[in-house]
Every structure is written in C-alpha cells, then in structure tokens.
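Hi there,

Here is the structure I promised to pass on. Have a look at it first, and then read my notes below.

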Amino acid sequence: MGCRDVHAATVLAFLSGTASVAGLLAAVLLPNWRQMRLYTFNKNERNVTVYTGLWIKCARFDGSRDCVIYDPQWYTAVDQLDLRVLQFALPLSMLTAVSALFLCLIGMCNTAFVSSVPNVKLAKCLVNSAGCHLVAGLLFLLACAICLTPSVWVIFYNNYLNRKYEPVFSFDISVFIAIASAGGLFFTSVLLFLWYCACKNLPSPFWQPLYSHAPSMHSYASQPYSARSRLSAIEIDIPVVTHAS
C-alpha cells in the first residue's frame with residue numbers, strides 16, 4: 001500500500017468526518033434535546049409539549065406545529081446542567097473536528113499533487129502526509145470523546161429529573177443525532193489510524209516522515225555484514241601466485 005497515493009480509506013475518512021460535523025451542527029441547532037409533557041384533565045384544553053434545545057425553547061399544543069411560547073433567549077437562562085455543558089462541549093467538538101478535516105485535506109492534497117521525490121532545497125517546508133493523517137485521527141478521536149460523553153449524560157440526567165420531579169421528561173432526537181455523529185468521528189479516526197499503520201510498516205520512529213532520506217541514497221547502501229563476511233572468507237582462501245623476476 002503506497003502512502004503517496006490517495007486511497008479510498010483517506011477519501012472515505014474525509015467524507016465520514018464531513019458528515020459527522022454536519023450531524024453535530026444539526027444537533028446543536030435543533031431544539032429537540034428534551035421534551036416535557038404537560039397533561040391537563042380539562043377536556044376543553046389540549047396537552048402541551050415543551051421542546052427544549054441548547055439555545056431556544058418552544059411550547060406547542062398537541063397536534064399543532066406553531067409555538068405557543070417561543071423563547072429565543074433560553075441559552076442565557078438554561079437551568080439544566082447537562083444542557084449547559086453541551087453548550088460548550090458540542091461547539092468545541094465541532095471546532096476540533098473541523099481542524100482535523102483541514103489536516104486531513106492537507107495530507108490528501110500533498111499525496112495527490114506533490115512529487116514523490118522530495119526537493120532537498122525545500123526539505124524544511126515538506127508536508128508530512130502520514131503525520132497529517134495521524135494528527136487528524138487523534139483530533140477526530142478527541143472530538144468524539146468531547147461529544148459523546150455529555151450526550152450520553154443527557155440520558156442519565158433525564159432519568160434523574162424524572163425521579164426528582166414527575167416522569168414527564170424524555171430525551172429527543174438531537175441526542176441520537178449527537179451520539180451517531182460521535183460514532184462517525186470514531187469511525188473516521190479508526191480509518192486514518194489503519195491507513196497510517198499500513199503505510200508505516202517499516203520499523204521506523206513514530207513521527208518519521210514518509211521521506212526519511214533522498215531516494216538516490218538507496219543505491220549506495222552497503223551490503224549486509226554477513227554477506228561481506230562470506231566474501232572476505234572466499235577472498236582469503238584464494239591463493240596468490242607471484243612470478244619472480
């Protein structure tokens with residue numbers, strides 16, 4: 001597997017990372033993190049469902065799509081700890097994932113458009129494609145952890161609210177979108193790690209670039225010691241005949 005080619009693994013990783021970032025963006029913007037059902041015993045009135053997001057809150061009657069109460073300033077007065085943590089965690093996870101996508105794109109462009117023979121004069125400016133993909137995989141894994149931990153906590157915190165108050169709380173679709181996006185980020189990091197391990201199959205240092213030295217130097221490599229020893233032994237056994245004048 002040649003590291004200097006753009007393989008399906010890196011392209012699939014880039015597409016998977018992009019889809020995961022798009023899923024995180026949808027989870028951040030949708031007001032569907034928690035539902036609170038308010039029941040009434042009056043037959044002339046309808047039940048109310050309060051949809052709580054990270055930034056806004058909307059209250060609707062059953063069977064209606066219009067918000068009876070719409071609070072666009074909800075993000076300043078969030079009184080639920082898990083949603084407050086998500087307000088910081090999800091944007092941070094998105095920023096980390098976008099940085100990883102940028103590094104992955106740099107590595108892909110370098111492997112696709114840069115010559116396989118490095119220029120000695122520009123040795124300090126060479127881009128290490130394997131290093132870009134390795135760091136991108138680590139950033140994707142970090143973004144997954146930042147996103148997944150508070151998203152799963154919402155489920156447990158929802159059970160806590162039901163025990164503390166009334167069983168009227170339930171988590172909504174944004175929780176599933178965030179967890180699925182975290183799974184996509186983890187899958188992306190695994191793909192990049194597999195690509196890196198397949199390319200760095202030689203016993204080289206962990207951070208060694210693809211171009212450890214100029215390709216022309218391989219032709220001057222000396223023979224192994226055992227081969228030289230056998231040749232030396234053969235040369236010693238050959239008798240030398242001299243002619244006296």
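Below is what turned up, starting with the sheet and moving on to the helices.

One thing to keep in mind: this is a predicted model.

Let's begin with the sheet. Strands of a sheet pair through backbone hydrogen bonds, and they can do that either parallel or antiparallel. Here we have an open sheet of 5 strands, with antiparallel pairing, and the order across it is β4-β3-β2-β1-β5. At the edges sit β4 (69–71) and β5 (169–171), each of which pairs on one side only. If you compare neighbouring strands of this sheet, they are turned by 20 degrees against each other on average, direction ignored.

Now for the individual pairings, which are fun to trace on screen:

- Strand β2 (residues 48–52) runs antiparallel to strand β3 (residues 57–61), and 5 bridges join them. To find one, pick Val-50: its bridge partner in β3 is Ala-59.
- β2 also pairs with β1, in the antiparallel sense, over 5 bridges. Look for Leu-38, which stands opposite Val-48 in β2.
- β1 and β5 are antiparallel too, with 3 bridges between them. Here Arg-34 has Phe-171 in β5 as its bridge partner.

So much for the strands on their own. What packs on the sheet? That is helix α3 (residues 129–164), which touches β1 (34–38) and β5. The direction of α3 makes about 170 degrees with that of β5.

Helix α3 has a helical partner as well. It packs with helix α4 (residues 173–199) at an angle of about 155 degrees, and the two axes are 8 Å apart. An angle over 145 degrees counts as roughly antiparallel, so that is how α3 and α4 lie to each other. Their crossing is left-handed. And what kinds of residues make up the contact of α3 with α4? They divide into 23 nonpolar, 6 polar and no charged.

Last stop: Ala-22, which you'll find in helix α1 (residues 8–29). Is Ala-22 buried or exposed? It falls in between: its relative accessibility is 45%, so it counts as partly exposed. Try selecting Ala-22 together with Met-94, too. They are 72 residues apart along the chain, yet their C-alpha atoms are separated by 9.0 Å.

That's the tour. If you get lost, go back to the strand order, β4-β3-β2-β1-β5, and work outwards from there.

Cheers

How values were computed
Residues numbered from 1 in each chain as written. Predicted model: local features only at pLDDT ≥ 70, side-chain atom pairs only at ≥ 80, totals over all residues. Heavy atoms only, no water. Pairing = 2+ DSSP bridges. Helix = DSSP H or I, 4+ residues; strand = E, 2+ residues; numbered from the N terminus. Axes fitted to C-alpha atoms, helices over the stretch in contact; angles between N-to-C directions. Contact = heavy atoms within 4.5 Å. Parallel < 35°, antiparallel > 145°, perpendicular 65-115°, else oblique. Left-handed = near helix turned anticlockwise from the far one by under 90°. Nonpolar A, V, L, I, M, F, W, Y, C, P; charged D, E, K, R; others polar. Buried < 20%, exposed > 50% of the residue type's maximum accessible area, 1.4 Å probe, protein only.
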